[in-house]
Amino acid sequence: MKKLLRFLKTYRKESILAPLFKLLEASFELFVPLVMAAIIDVGIAGADTGYIGKMGAVLVLLAAVGFAASLTAQYFAAKAAVGFAAELKHDLFQHIQSLSFGDMDRLGTSAMITRMTSDVNQVQSGVNLVLRLALRSPFIVFGAMIMAFTIDGRAALVFVAAIFLLALVVFGVMKICIPLYKQVQTALERLVERTRENLTGVRVLRAFHKQKEETLRFTAENRELTRMQLVVGKIAALTNPVTYLIINSAIIVLIYCGAVQVDAGAMTQGEVVALVSYMSQILVELVKLANLIINVDKAIACGNRIQEVLEQKPGLTEAEHTIEPEDKGSEILSFSHVGLIYPGNREEALTDIDFSVNRGETIGIIGGTGSGKTSLVHLIPRFYDITSGSLKIEGVEAKEYEIKKLRQKVGIVLQKPVLFQGTILSNLLWGKEDATEEELWQALCIAQAEEIVKGKKNGLLEEVEQEGRNFSGGQKQRLSIARALVKKPDILIMDDSASALDYATDAALRKAIREQLTDMTLFIVSQRAASVRQADKIVVLEDGHIAGIGTHEYLIERCEVYREIYESQYGKGAR
């Protein structure tokens, strides 16, 4: 949590002025009991209405100045806390963007959402409270005790005993609550994950009529979260009643001792009232301090969770400068005995992948479910790093490229098409920000998406809802392909990205790419044998190994795995 305080540097002035103005307010507040004592002992005792009026005006002045100081402090504290949270969110989001796919898999999407929202908001609230109360409340507590000593030393000992007991209560609760709040946030993450999973998979959920079962699972997890919150809430709730008990007991002792002292002539009635007022101030401030500590406990727990993410080093190391290939020969890509182990796993997802690709070739990747097709193509743009062997692009190790330059060379269309809220135009420009209208329409034409745009009322300016909900699966796939084509990459990867297209559209798409983008190297990952049949080279995967490489005719004759896949789709003996 301490490391997060660096985000307050920009708001150093506000972070200093907020507590200073709170201390100014507190200073005026400490004089109030003394003024009241003077009113009682001088004005009321002497029936001096002029003195009472004059001191009453002093009370009003103290209240007005204190109110102005309090408002100023609130303004600076709010400005610093909001600015702190904004910079923290920016830095956290930027850091998350730098994490690899493996890092994201390990941390979890829901955990990231919780840290970006609930945790940051809790830390923001904690910062705001600390700037306003962290100095003010202790200042009032110890200031009131010192002022009590100036009135009567023996009576002030009651203050010392009360403050000592209160410190034990407050810090005891703090020590117990911090780890419990961390557990509560973890349980909240699980509930967010359950909610996210159900909302994104709502169609499947209803198709299998599993609403009741999922509701029961949600209820069980929600009940567990509630139980944990109640446990920590009950412990934290003990602070206020115990504080009131200690303070009120101290007030009773003060009144009793004060009465004895007044009867003996050692103290005045005004001084007794002042002592009780100071004790009441301590009560109010300790209640605030107790609530502050509860909120700070939450903020510390949430801050530590955020810090865990910020301390997560990106799994991908990036070269400072790309080593440009001296001679761009015909070979654009080569896998040399490549292996891949996903973070947290022991077994290899890919083993001894060894083949090369020439510029302008079409490479088909086929294999059964879980054979490693997607894992293989994800190595090319460095979504994951190889764990053994060598992967070279234009003769240079992939790790020697700046990630930005590497991904400028590679275009990829993922299995699940993703469109972002905005317009068709804004989505296409992700591929190339300065693309001309001619380039956009060429990409749409090749992707067989031209009629989608022309069929919309607003054309390229047609609105795209979040996640492209207003487009069908096939439309989203074609627009995603067009987005990748706009950038005209050296290598285009289509990772089962035509699964929602009919066979005729799929064939037209592949034909258009080959005829109009002859220099582009194309990877087609597909379960359909028809999609890869015309490829210059087909790589057949089985359980992370290469089962065969070659043309369709070669593999039909010599690769049993490929032949089984092909015959399962076209019938036994098909060629």
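What follows is a chat between a biologist and a modeller about this predicted model.

Biologist: Let's start with the sheet: in what order do the strands of the open sheet of six run?

Modeller: The pairing in this open sheet is mixed. From one strand to the next, the twist averages 15°. Reading across the six strands, the order is 6-9-10-3-11-12.

Biologist: Which strands stand at the edges, each with a single partner strand?

Modeller: An edge strand has one partner, so one side of it is left without a neighbour in the sheet. That applies to strand 6 (410-413) and strand 12 (545-550).

Biologist: And in what sense do strand 9 and strand 10 pair, parallel or antiparallel?

Modeller: Strand 10 covers residues 521-525, and five bridges link it to strand 9. One bridge joins M494 to I524 in strand 10. The sense of the pairing is parallel.

Biologist: Which helix packs on the sheet, touching strand 6 and strand 9?

Modeller: Its direction makes about 175° with that of strand 6. The helix spans residues 473-486 and gives six residues to the largest nonpolar core, the most of any contributor. That's helix 16.

Biologist: Speaking of that core, which residues have the most contacts inside it?

Modeller: The largest nonpolar core has 46 residues. Leaving aside residues up to four places away in sequence, L485 touches A443, I446, A447, L492, L517 and M520. The two with the most contacts inside the core are L485 and Y562.

Biologist: How many residues are in the second, separate core?

Modeller: This one includes L129, F159, A250 and A274. It is separate from the largest core, and its count is 39 residues.

Biologist: Now for charges: which residue meets E221 in a salt bridge?

Modeller: The N to O distance is 2.9 Å. E221 lies in helix 8 (residues 211-237) and its partner in helix 6 (residues 153-200), so the pair ties together parts that are 27 residues apart in sequence. E221 is partly exposed at 25% relative accessible area, whereas the partner is buried at 11%. The partner is R194.

Biologist: What separates E224 and R227 in helix 8?

Modeller: Their side chains meet in a salt bridge at 2.8 Å, N to O. E224 is partly exposed, with a relative accessible area of 32%, and R227 also counts as partly exposed, at 43%. They are three residues apart in the helix, so the separation is about one helical turn.

Biologist: Are K409 and E394 buried or exposed?

Modeller: These two side chains form a salt bridge at 3.1 Å, N to O. K409 lies in helix 12 (residues 403-409) and E394 in the loop between strand 4 (388-393) and strand 5 (396-397), so the pair ties together parts 15 residues apart in sequence. Both count as buried.

Biologist: Which residues do salt bridges that share partners join into one network?

Modeller: The structure holds 28 salt bridges. Some share partners, and the network they build is K22, E25, E29, R136, E285 and K288.

Biologist: What about cysteines: how many disulfides does a search of the whole structure find?

Modeller: C257 counts as partly exposed at 31% relative accessibility, and C445 is partly exposed too, at 34%. As for disulfides, the search of the whole structure comes back with zero.

Biologist: Over to the backbone: where is Q448, with its positive phi?

Modeller: Most residues other than glycine have a negative phi. Q448 goes the other way, with phi near 60°. Its place is the loop between helix 14 (437-446) and helix 15 (450-454).

Biologist: And what is the phi of D496?

Modeller: D496 sits in the loop between strand 9 (491-495) and helix 17 (503-516). It is not a glycine, yet its phi is positive, at about 50°.

Biologist: Last one: what distance separates the C-alpha atoms of L135 and L20?

Modeller: L135 is in the loop between helix 4 (109-133) and helix 5 (136-151), and it is partly exposed at 46% relative accessible area. Not counting residues up to four places away in sequence, L135 touches P19, L23 and V130. L135 and L20 are 115 residues apart along the chain, and their C-alpha separation is 8.5 Å.

Technical notes. Residues numbered from 1 in each chain as written. Predicted model: local features only at pLDDT ≥ 70, side-chain atom pairs only at ≥ 80, totals over all residues. Heavy atoms only, no water. Helix = DSSP H or I, 4+ residues; strand = E, 2+ residues; numbered from the N terminus. Salt bridge = Lys/Arg side-chain N within 4 Å of Asp/Glu carboxyl O. Buried < 20%, exposed > 50% of the residue type's maximum accessible area, 1.4 Å probe, protein only. Core = buried A, V, L, I, M, F, W, Y, C linked by side-chain atoms within 4.5 Å. Contact = heavy atoms within 4.5 Å. Pairing = 2+ DSSP bridges. Axes fitted to C-alpha atoms, helices over the stretch in contact; angles between N-to-C directions. Disulfide = S-S within 2.5 Å.
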